[in-house]
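Reader: I would like to learn how to read salt bridges in a model. Could you walk me through some cases?

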Amino acid sequence: MATDVVELILEDHRRFEELFRQLRDRNSDRTALLGELAALLVAHAEAEESEVYPALKRYKEVDNDEVDHGAEEHAEGHQALLALMEVTDTESEDWESKLEELVEALNHHVDEEERTILNDAREQVEDARRAELGKLFLEIRQDHLDDDCGDISYVRRIAADTKDRID
């Protein structure tokens, strides 16, 4: 199992993409898949913001503006996730539309984060430090998963708490 924080984040990004593919399939259990996506997405963002982003900002070669922008994009993602979760009919056009809004927001964030923050981290942060951050990332992410962070009431709270970050 990977412990490098960059590799762990990339693994989650690939899982998000897989979940989006499955959520687009009208024959899948969209409710269960959305629950899995919500939990992983919130836990992932919380772990990045609590440990990874602050640590990366200490490296002068890592662009602090990009790190701050990543946190703003997490807030946008929480808003889009909540909007999708609040649509109860998974067969409706509204649900499909909200899913695509979430996909667009998250894909944009993942692309930017991988090209800027993670590439900088891979090049500038020592292997041992990336491994330390990976362990912290996994611990924090698991703590949030254990707190049922994919529950709609949790997502509502986090969306409200982060709304002021959106430009």
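Reader: Which side chains does E86 meet in a salt bridge, and at what distance?

Author: Happy to help! A salt bridge pairs a side-chain nitrogen of Lys or Arg with a carboxyl oxygen of Asp or Glu within 4 Å. In this predicted model, the side chain of E86 meets that of R156, at 3.2 Å from N to O.

Reader: Where do E86 and R156 lie?

Author: E86 sits in the loop between α3 (64-85) and α4, while R156 belongs to helix α6 (residues 152-162), so the pair ties together parts that are 70 residues apart in sequence.

Reader: How exposed are these two residues?

Author: Partly exposed means between 20% and 50% relative accessible area. E86 falls there at 42%, and R156 does so at 40%.

Reader: What does E100 pair with?

Author: Its partner is R24, with 2.8 Å from N to O. This pair links distant parts of the chain: E100 is in helix α4 (residues 93-124) and R24 in helix α1, 76 residues apart. E100 is partly exposed at 34%, and R24 is partly exposed at 40%.

Reader: Which salt bridge has both partners in helix α1?

Author: One such pair is R14 and E17, 2.9 Å from N to O. Both lie in helix α1 (residues 5-24), three residues apart, which is about one turn of the helix. R14 is partly exposed at 36%, as is E17 at 26%.

Reader: Which residues are linked in a network of salt bridges?

Author: R26, R30, E91, E93 and E96 are linked in such a network.

Reader: And how many salt bridges does the structure hold?

Author: The count is 17.

How values were computed. Residues are numbered from 1 along each chain as its sequence is written. This is a predicted model: local features need pLDDT of at least 70, side-chain atom pairs count only at pLDDT 80 or more; totals for chains, interfaces and linings use all residues. Side-chain values use heavy atoms; hydrogens and water are left out. Helices (H or I, at least four residues) and strands (E, at least two) are DSSP runs, numbered from the N terminus. Buried means under 20% relative accessible area, exposed over 50%, partly exposed in between (1.4 Å probe, protein chains only).
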